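Got a multi-chain model open and wondering how to read its contacts? Let's go through it in questions and answers.

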Protein chains: 4
Amino acid sequence: MSTISRALMAHPAAPELAREERAAEARCIEACLETAQVCRIGADACVEEEAVAELRECLRAEQDCGVVCAATAQVLARLGFPEPGDGRAVLVPLLQACRAAARVCRDACRRHAEVYEHCALVAEACERCVEACEALLARRS
Amino acid sequence: MSTISRALMAHPAAPELAREERAAEARCIEACLETAQVCRIGADACVEEEAVAELRECLRAEQDCGVVCAATAQVLARLGFPEPGDGRAVLVPLLQACRAAARVCRDACRRHAEVYEHCALVAEACERCVEACEALLARRS
Amino acid sequence: MSTISRALMAHPAAPELAREERAAEARCIEACLETAQVCRIGADACVEEEAVAELRECLRAEQDCGVVCAATAQVLARLGFPEPGDGRAVLVPLLQACRAAARVCRDACRRHAEVYEHCALVAEACERCVEACEALLARRS
Amino acid sequence: MSTISRALMAHPAAPELAREERAAEARCIEACLETAQVCRIGADACVEEEAVAELRECLRAEQDCGVVCAATAQVLARLGFPEPGDGRAVLVPLLQACRAAARVCRDACRRHAEVYEHCALVAEACERCVEACEALLARRS
């Protein structure tokens, strides 16, 4: 079990029965953190490439995705909200924004994946992030 | 004109005709930045209050709102996306998440606004942020 | 008085005698928030410029400065630490990092300020941020 | 090799000879990301505890550490700076701030580690982060 999973399970609001829910949250948090960082490294790699002027769309999609994934991981750290209603009011549109940012970024990077390994890695990370957001959205909506 | 407005107008992608659009974006950015910071100060004020245990809902709503507003301001800094479609794919759900976070936080803080001035200030900032998000959403959707 | 100043003064840890200290913190917070956002807009403007390949140093300095200024504003939101020692242990090196990031960014942008208005605006914002960090550092160290 | 390591190695600025340097950066990035998230979860766990009023110092140290670690990971994503001087001007004080935030948080959480497992987990993560920052600082200064 990862340190993040263990921290989520050590949260006093984590009820026994919600163990599976916590595991899905841990997977989504880890996907968001990894995707955010791989996007930031990919964006800087795009800046460094000679063909930077052709990579603008990629670069921006990676920056947006980095921001939205990082924000989603931060909100997912707070589990203790008593009313599921309130938690859902913010988390559902935020997960939708995160899924959208990861899709846009995956598609932009795939177009360059054969030329640039960093774009291929970003596209793969984004795909895992889309899946993790969808898994949580399926439980919440 | 604020420094942020001037920076938006100095962006090479800012077309002359979009001056009004840029002004709406500047207002939304400024509302998001101010709300994020007032939420963070309000959250720390809740932590400091003797009655912190009764302010948990407020505190969490302020933290979530701080995160989502800050992310929205960051994404709004990038105007140069060539296809409006892509920009809309991320920005619309993100503005919806921001509006939701600001509403939840406004409502949570209003319940304590008569006792704590910091809660009143957060509620006011959130209300302005809701309006600024709605103004941009009305233009984009 | 700005909303951020009012929120700082409404914090229960703000003692009467520290009113001047709070004002210096509010100025530093506002400089950090504005600089962070102007840097993000400036970075995206650099990406959009035809000569993006010549603006790499600027672009990265703006991104770093945006990150460090935003983090500094977040830490400055928490005033209530009982021991000044602990607060100083984190805040002093963080303000030093913020001042360094703003100086590097100011110097990188000044070299392009005559050609690009967005670089000139970033350089000006960074200069104000350097001064605001120094004013707080002079009080803390 | 982790996805983050692979992304760093795919960056066009990663010279062959710097492979060991890239590995140290990857370890520091991963420690920062994990610590930031475990701190955020730990902070929300402190908010949820009945004894929240006794955990204020912990809670704030966790929030500060979360912010500074996240900022450090973001700056570490940008490797391509041509002059080592500039990179060092920001990164060295930022790594020092990160190490300071992780030490303060580790010490605050250790005092509660026997009662709260989440505090113990945060203290362990912070200790790893201190070591990773020191390893990078030893190479840079």
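What follows is a short dialogue on symmetry, interfaces and salt bridges in this predicted model.

Q: Let's start with symmetry. What turn and what shift lay chain A on chain D?

A: A turn of 180° with a shift of 0.0 Å along the axis does it, and the RMSD is 0.0 Å. That is the relation of a two-fold axis. The same surface serves both copies, as 100% of the contact residues of chain A recur in chain D.

Q: Which residue of chain A comes closest to the rotation axis?

A: Look at A:Leu33, whose C-alpha sits 3.5 Å from the axis.

Q: How do I put a size on an interface?

A: People often quote the accessible area lost when the parts come together. For chain A and chain D that buried area is about 2800 Å², and carbon and sulfur atoms give 67% of it. In residues, the contact takes 31 from chain A and 31 from chain D.

Q: How many salt bridges and how many polar contacts does the rule find across the interface of chain A and chain D?

A: Zero salt bridges. For polar contact, the rule finds four residue pairs, with both residues at pLDDT 80 or more.

Q: Which helices of chain A supply the side that touches chain D?

A: Helix 1 (3-9), helix 2 (19-48), helix 3 (56-76) and helix 5 (117-140) each supply at least two residues of that side of chain A. Helix 2 of chain A gives the most, with 10 residues. Sorted by type, the residues of the side of chain A that touches chain D come out as 15 nonpolar, six polar and 10 charged.

Q: Now take chain B and chain D. What area do they bury between them?

A: About 970 Å², with 40% of it on carbon and sulfur atoms. A trio to click on is B:Val47, B:Arg56 and B:Arg60: they supply 52% of the area that chain B buries against chain D, more than any other three residues. The contact takes 11 residues from chain B and 11 residues from chain D.

Q: How does chain B map onto chain D, in turn and shift?

A: Chain B lands on chain D with an RMSD of 0.0 Å after a turn of 180° and a shift of 0.0 Å along the axis. Here too the same surface serves both copies, since 100% of the contact residues of chain B recur in chain D.

Q: What should I look for when I hunt for salt bridges?

A: Side chains of opposite charge can pair when their charged atoms come close. Across the interface of chain B and chain D the rule finds four salt bridges. One to check is D:Arg60 with B:Glu48, at 2.8 Å from N to O. The count of residue pairs in polar contact between chain B and chain D is eight, both residues at pLDDT 80 or more.

Q: Which helices of chain B are on the side that touches chain D?

A: Helix 2 (19-48) and helix 3 (56-76) of chain B each supply at least two residues there. Helix 3 of chain B gives the most, with four residues. By type, the side of chain B that touches chain D has four nonpolar residues, one polar and six charged.

Q: How many salt bridges turn up over all chains?

A: A search of the whole structure finds 52. Among them is A:Arg128 with A:Glu34, whose closest N and O atoms are 2.8 Å apart. This pair links distant parts of the chain, from helix 5 to helix 2 of chain A, 94 residues apart.

Q: Are A:Arg128 and A:Glu34 buried, partly exposed or exposed?

A: Partly exposed means between 20% and 50% relative accessible area. A:Arg128 counts as partly exposed because its value is 36%, and A:Glu34 does so at 24%.

Q: Where does the salt bridge of A:Arg60 with C:Glu48 lead?

A: The pair crosses between chains, from helix 3 of chain A to helix 2 (residues 19-48) of chain C. The closest N and O atoms of A:Arg60 and C:Glu48 are 2.8 Å apart. A:Arg60 counts as buried at 6% relative accessibility, while C:Glu48 is partly exposed at 24%.

Q: And what about B:Glu25 and B:Arg22, buried or exposed?

A: Buried: B:Glu25 has a relative accessible area of 0%, and B:Arg22 is at 8%. Their side chains meet in a salt bridge of 2.8 Å, N to O. Both residues lie in helix 2 of chain B, three residues apart, about one turn of the helix.

Definitions and conventions:
Residues numbered from 1 in each chain as written. Chains lettered and ligands numbered in written order. Predicted model: local features only at pLDDT ≥ 70, side-chain atom pairs only at ≥ 80, totals over all residues. Heavy atoms only, no water. Least-squares fit on C-alpha atoms with pLDDT ≥ 70 in both. Contact = heavy atoms within 4.5 Å. Buried area = accessible area lost by both parts, 1.4 Å probe. Polar contact = N/O pair within 3.5 Å; in protein donor to acceptor, adjacent residues only side chain to side chain. Nonpolar A, V, L, I, M, F, W, Y, C, P; charged D, E, K, R; others polar. Buried < 20%, exposed > 50% of the residue type's maximum accessible area, 1.4 Å probe, protein only.
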